[in-house]
2 protein chains.
Amino acid sequence: MISPSRRKRVTIKDVAQAAGVSTQTVSRVMNKFSYVSEETRQRVETVVEQLGYHPSTLARSLIQQRSYTLGVVTFGLKYIGPSRTLNGVADKADELGYMLLMKELDNFDTNRIDEVIDSLLARQVDGIIWVAPEIGDNHSWVEERMDKISVPVLFLAMRPREGISSVATDNYQGAVLAIQHLLECGRKKIGHIAGPLTWWEADERKRGWRETLSAAGFNPLEEHCTEGNWSSASGEQAFIQLLESYPDMDAVFVANDQMALGGLREAIRRGIRVPEQLAVIGFDNIPESAYFYPSLTTIYQDLQLLGEQAVQSIVEMIQARQENKSVIAQSRFIQPTLVIRESSNFAG
Amino acid sequence: MISPSRRKRVTIKDVAQAAGVSTQTVSRVMNKFSYVSEETRQRVETVVEQLGYHPSTLARSLIQQRSYTLGVVTFGLKYIGPSRTLNGVADKADELGYMLLMKELDNFDTNRIDEVIDSLLARQVDGIIWVAPEIGDNHSWVEERMDKISVPVLFLAMRPREGISSVATDNYQGAVLAIQHLLECGRKKIGHIAGPLTWWEADERKRGWRETLSAAGFNPLEEHCTEGNWSSASGEQAFIQLLESYPDMDAVFVANDQMALGGLREAIRRGIRVPEQLAVIGFDNIPESAYFYPSLTTIYQDLQLLGEQAVQSIVEMIQARQENKSVIAQSRFIQPTLVIRESSNFAG
DNA sequence: ATTTATTATGTTATCGATAACATGTTATCG
DNA sequence: CGATAACATGTTATCGATAACATAATAAAT
């Protein structure tokens, strides 16, 4: 049984009174770097300790018009990608002295977006990080509404746009790495299982597949590619379809590791030997992929780093604005890397 | 090039002035349910629309001593477990009109814990949800310090404690389900790969293994169990060890799916047939486990629900306190369920 | 017709801190 | 030694809203 115990908050006034000084002096002690005699400082600090005083960041934010809080809008937190990114965001925010005010989206209704942004601004966030994938035209509001938002906004995993800051994995380049690797392994008939092509990321990966093959003198056709929804189940289905439309394929680039797992599973069931008959390469490098059967060659994207860079960038933007300097919006890319494992590693 | 564009915030005063009423009247319009003539209401609403006024939640929180914000302390966000839980928390919070103020821990230094709690309280959170696993004595601060915290606190995945509210998966019961299933399959020599035993959850799962076997007339020994650190790599090692210390084992209960994956991998390498020679069962039911080779029988814990219940509970506590009612602290358990797949499904 | 309740609106105090300004004291310097 | 700078502290205004109280007009009740 817990009593309601509404202990009243200890305020700066209580401290001031107990120490026999003005609130301003207490404020000076709390914020350092201002003229306070050593004697007074000690006295105040003792009282602070005794009463267990902690300044209200809320009140401070109000008067200073600055909260040291970042708004974070997420989508699909239950997936490992966004949550890893969020982890990077959280770490870096902590390091730089910011807190995170989070809001998860469950859809992209435009009203909902306005509402979310308003609720963040109403809490005086210093900046907003958008951790939601670009799907279809769900970012179309950006161009028109950006300049109505009074704080810096930074987008993750968004197609670069003029005048808007963003950070993203270079999905295109990742796909290029994957295809080049397969070509180097001597594969000549490389299929692709794409993610949902309304997603910018899925589209970029597919583009990397297509263009790299073309550049190498091959002729990737539409029927050499099927589409999944990122899940293992969909990967399995897409793989079955692809086997039908591209029967003599000798390698497949799958747009993420989960779908690749579904494919591997079906390959085993059909007795297709990986990598001998069919090389498989995924994307993401989830921790489990090293233990798939066979272990999965994949493209590693550092989502943690993505989150960290996002925070770093937006804090720079906030500081620049604070000092009334202009900020140049920029789109940054993070380069993925190739991780070679058994599923492609067949030199013979 | 973005101009500094420090548009001044539209305040309630601006609206009041433009509409020719007092700020109090504007406040009444914004908050509904108070006497305002239809005519005035319309006029004010028009002005609000025109100026794009959005009330400052910050200022409101200050005067009302209530922020409609929950503090969330997390640990290990990069793992799928905590992030799924967080997803549940975020969804439910949204549904109930709360925002989340997040802080990620990177260690359990006691000072750090105080600091984190203080920073949340300084921002006037209405309650705190602790989404960090109980490891060793990292929750030992709870008993002594709980009553110094002026808002309700709710712990997730913590060993039940008298007088403190918590919600957790019933890990013990999950292990019981797993072992009973293996026994029903006719297995008689059941080993266990535990998680790090300093974790309460790992310990509970091991206890379920031990006690269920004992109750069934078997004699589980210490050498029938090895320990991993939740990762697939450690699972592989633990499996190798276990094969040595318990060579004639015919089934193994692994404390999570990732480690089970590492075990499966090694079993394949050694030509051990699963489930014929060795039945394997995991814990968690991560989405990929249905596509392992062979697909993994496992215990499903609904972490999303865990998060939702946590928010539900703490909001009830907050409301009770608001109405000055007493709150009875309670520890709640969520029951996991058995998911049967190939890795154990050998009737014969 | 007078009292009482309901409706509509304004005024002042307040939440907890800091900014901006004012004032007094002690060093420092030419 | 008087002027100026550096130090130490206090007073008042302010951030953006709501609470608490006050007032006035209208409607309903006796």
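Start by selecting DNA strand C together with A:Tyr53: a phosphate oxygen of the strand lies 3.1 Å from an N or O atom in that residue's side chain. Keep in mind as you look around that this is a predicted model.

**Stop 1: around strand C**

Leave strand C on screen and add B:Thr40, where an N or O atom of the side chain is 2.6 Å from a phosphate oxygen of the strand. Next, show the backbone of A:Ile12, which has a polar atom 2.4 Å from a phosphate oxygen of strand C. Now widen the selection to the whole surroundings: 29 residues surround the strand, and A:Ile12, A:Gln24, A:Ser27, A:Ser56 and B:Thr40 are the closest. Of the strand C atoms that come within 4 Å of the protein, sugar and phosphate make up 63%.

Colour this surface by class and you should find eleven nonpolar, 14 polar and four charged residues. Which helix gives the most to it? Select H4(A), which contributes five residues. Helices H1 (12-19) and H2 (23-31) of chain A, as well as H2 (23-31) and H4 (57-64) of chain B, each supply at least two residues.

**Stop 2: around strand D**

Switch to DNA strand D and pick A:Thr40, whose side chain places an N or O atom 2.5 Å from a phosphate oxygen of this strand. Then pick B:Tyr53; here an N or O atom of the side chain is 3.1 Å from a phosphate oxygen of strand D. For a contact with a base, go to B:Ala59: one of its polar backbone atoms is 3.4 Å from a base nitrogen of strand D. In total, 28 residues lie around strand D, with A:Thr40, B:Ile12, B:Gln24, B:Ser27 and B:Ser56 nearest.

**Stop 3: aromatic rings**

Move on to the rings; the whole structure holds 15 aromatic pairs over all chains. Select B:Trp130 and B:Trp141, whose ring centres are 5.0 Å apart with planes at 55°, so this pair is tilted. B:Trp130 belongs to strand E3 and B:Trp141 to helix H7 of chain B, eleven residues apart. Are these two buried or exposed? Both B:Trp130 and B:Trp141 are buried.

Add B:Phe155: its ring centre is 5.9 Å from that of B:Trp141, and the planes meet at 55°, so this pair is tilted too. B:Phe155 sits in strand E4 of chain B, so its pairing with B:Trp141 ties together parts 14 residues apart in sequence. Over in chain A, select A:Trp130, A:Trp141 and A:Phe155, which form one aromatic cluster.

**Last stop: charges over rings**

Finish with A:Arg207, whose charged end sits over the ring of A:Tyr172, 4.1 Å from the centre. In chain B, the charged end of B:Arg66 sits over the ring of B:Tyr68, 4.4 Å from its centre.

Definitions and conventions. Residues are numbered from 1 along each chain as its sequence is written. Chains are lettered from A and ligands numbered from 1 in the order in which they are written. This is a predicted model: local features need pLDDT of at least 70, side-chain atom pairs count only at pLDDT 80 or more; totals for chains, interfaces and linings use all residues. Side-chain values use heavy atoms; hydrogens and water are left out. A residue is near a molecule or strand if one of its heavy atoms lies within 4 Å of it. A polar contact is a pair of N or O atoms within 3.5 Å; within protein, one must be able to donate a hydrogen and the other to accept it, and residues adjacent in sequence count only if both atoms are side-chain atoms. Helices (H or I, at least four residues) and strands (E, at least two) are DSSP runs, numbered from the N terminus. Ala, Val, Leu, Ile, Met, Phe, Trp, Tyr, Cys and Pro count as nonpolar, Asp, Glu, Lys and Arg as charged, and the others, Gly among them, as polar. Rings of Phe, Tyr and Trp (its six-membered ring) pair if their centres lie within 6.5 Å; planes under 30 degrees apart count as stacked, over 60 as edge-to-face and the rest as tilted. Buried means under 20% relative accessible area, exposed over 50%, partly exposed in between (1.4 Å probe, protein chains only). A charge sits over a ring if NZ of Lys or CZ of Arg is within 6 Å of the ring centre and within 35 degrees of the ring normal.
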